[in-house]
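Subject: The structure for you to look at

Hello,

Here is the structure I wanted to pass on to you. Please open it alongside this email, and you can follow the notes below residue by residue.

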Amino acid sequence: MTPALLTALCFAFVGVCANRSARLLGSARANYWRLLVAVALLGPWAFGFGRGLGGPGWGWFFTSGLLGFGIGGVAMFHSLPRLGTPLSLLVVECGTAAFALVIEWVWLGTTVAGAQLGWIALILIGVSIGLAPGLPADISRARKISGMAWALLSSGGQAMGMVVSRKGWEVTQTAGFELDAGTAAFQRLLGGLAIGLVVYAAVKIWPTLLPLSEMPFAERNRDLRLGRWGPNWPWLWVLLNATFGPVLGVTTRQWALSLAPAGIVQSVVSTAPLIAVPLARLMERRWPRPRFFVGAVIAIAGLAGLFVL
């Protein structure tokens, strides 16, 4: 469980960095550049100390990136402006855990013990209580429905990506091939970069593909009353986003997936938005609601149960 918890810590910091870089550069551009920077950072490791593009699981890891960064990332990109960040993250993180448990059971036959399911449920209940903002009141019913649909599609895509990674590790370990998590993360990132390039090019050609509130101008000018901790250097935030997300975060998650079922890993990772709340308080002057502390205590109890088992 330690690698999954490290992933949650990395992804918690990523949320703040991603928000800042997106406001300065626009979402599509910031996402593409963070993937490119991540590949540049992980490439020397993969080819210098890892296995490069080798291994029987290479195709599975690349496909995992296509699904996770492709379907999962693009769908999340459309959910955020419709539901808002808190509700989108809540649906995606918790939905990914549920989908991963079911998909891995149906496809790979992986089962999770009843006690573990109980602790996973407790974690997800805690995350839901701590983050649940309710549906925004100032948007239409059709927009709420479409936003929820995009969020569920995102959670399904990310869950499929995680389970495909699990398949990649299964194939690799069955073949007796030694593969490190950094190399697996690099191979997965190549699939993500391919999708990021296509989306970035499409947005450059047809800017109207972006939801209105995700246009670069709106990105730079929304949340103006938030704190401005740190310099407004877009490439600094892109570098931090890439380092703690696709590099360290994806690597520790691949490490976790090599050891435990995807549903268990994601249930731990789903606490990242909760961990991000104190960071947002420090860096963006966002105050957590009282129920955040109730949810955090419940989620911590669930985490403790999983670690003890």
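Below is what I found, starting with the whole chain and then going helix by helix. One thing to keep in mind from the start: this is a predicted model.

**The overall picture**

The protein is built from twelve helices, with zero strands. Half of the chain is covered, in that 50% of its 309 residues count as buried. The exposed surface comes to about 13,800 Å², and carbon and sulfur atoms supply 71% of that area. If you look at contacts with a separation of 6 or more, 89% of them join residues 24 or more positions apart.

**The cores**

The largest nonpolar core has 44 residues, and Ile120, Val127 and Val265 are the ones that touch the most other members. Helix 4 (residues 85-108) gives the most to this core, namely nine residues. There is also a second, separate core of 17 residues, with Leu35, Val39, Phe69 and Leu193 among them.

Val127 is a good residue to centre your view on. Setting aside residues up to four places away in sequence, Val127 touches Leu90, Cys94, Ala132, Ser270, Thr271, Leu274, Gly295 and Ala299.

**Helices 5 and 10**

Helix 5 covers residues 114-131, and its 18 residues reach 26 Å from first C-alpha to last, close to the 26 Å expected at 1.5 Å a residue. Its buried residues are Ile120, Ile123, Leu124, Gly126, Val127, Gly130 and Leu131. Seen down the axis of helix 5, these buried residues fall within an arc of 155°, so they line one face of the helix. Two of the names from the largest core, Ile120 and Val127, are in that buried set.

Helix 10 (residues 262-269) is mostly covered, with eight of its eight residues buried. They are Ala262, Gly263, Ile264, Val265, Gln266, Ser267, Val268 and Val269. You will recognise Val265 from the largest nonpolar core.

**Helix 7 and its partners**

Helix 7 runs over residues 181-205. Its 25 residues should span 36 Å at 1.5 Å a residue, and since the end C-alpha atoms are 36 Å apart, the two values agree. Asp180 caps the N-terminal end of this helix, with a side-chain oxygen 3.1 Å from the backbone nitrogen of Gly182.

Thr183, in helix 7, has a relative accessibility of 0% and therefore counts as buried. A polar atom of the Thr183 side chain lies 3.2 Å from the backbone nitrogen of Arg51. Apart from neighbours within four places in sequence, Thr183 is in contact with Trp45, Ala46, Gly50, Arg51 and Gly52.

Ala202 is also placed in helix 7. At 19% relative accessibility, Ala202 counts as buried, because the cut-off is under 20%. Its C-alpha lies 9.6 Å from that of Ala28, although 174 residues separate the two in sequence.

Tyr32 lies in helix 2 (residues 27-48) and counts as buried at 13% relative accessibility. Beyond its neighbours within four places in sequence, Tyr32 is in contact with Leu193, Gly196, Leu197 and Tyr200. The C-alpha atoms of Tyr32 and Val198 are 9.2 Å apart, with the two positions 166 residues apart in sequence.

**Two partly exposed residues**

Which residues does Phe244 touch, not counting those up to four places away in sequence? They are Cys10, Phe11, Phe13, Val14 and Gly249. Phe244 is found in helix 9 (residues 234-257), and its relative accessibility of 26% makes it partly exposed. Phe244 and Leu9 are 235 residues apart in sequence, yet 8.9 Å apart in space from C-alpha to C-alpha.

Met148, in helix 6 (residues 141-174), is partly exposed as well, with a relative accessible area of 26%. The C-alpha atoms of Met148 and Arg82 are 8.3 Å apart, and the two residues are 66 apart in sequence.

Happy viewing, and do write back with any thoughts.

Best wishes

Methods: Residues numbered from 1 in each chain as written. Predicted model: local features only at pLDDT ≥ 70, side-chain atom pairs only at ≥ 80, totals over all residues. Heavy atoms only, no water. Helix = DSSP H or I, 4+ residues; strand = E, 2+ residues; numbered from the N terminus. Buried < 20%, exposed > 50% of the residue type's maximum accessible area, 1.4 Å probe, protein only. Polar contact = N/O pair within 3.5 Å; in protein donor to acceptor, adjacent residues only side chain to side chain. Contact = heavy atoms within 4.5 Å. Areas by Shrake-Rupley, 256 points an atom, 1.4 Å probe, with all protein chains shown as cover. Expected span 1.5 Å × (residues − 1). Core = buried A, V, L, I, M, F, W, Y, C linked by side-chain atoms within 4.5 Å. Arc of directions from axis to C-beta.
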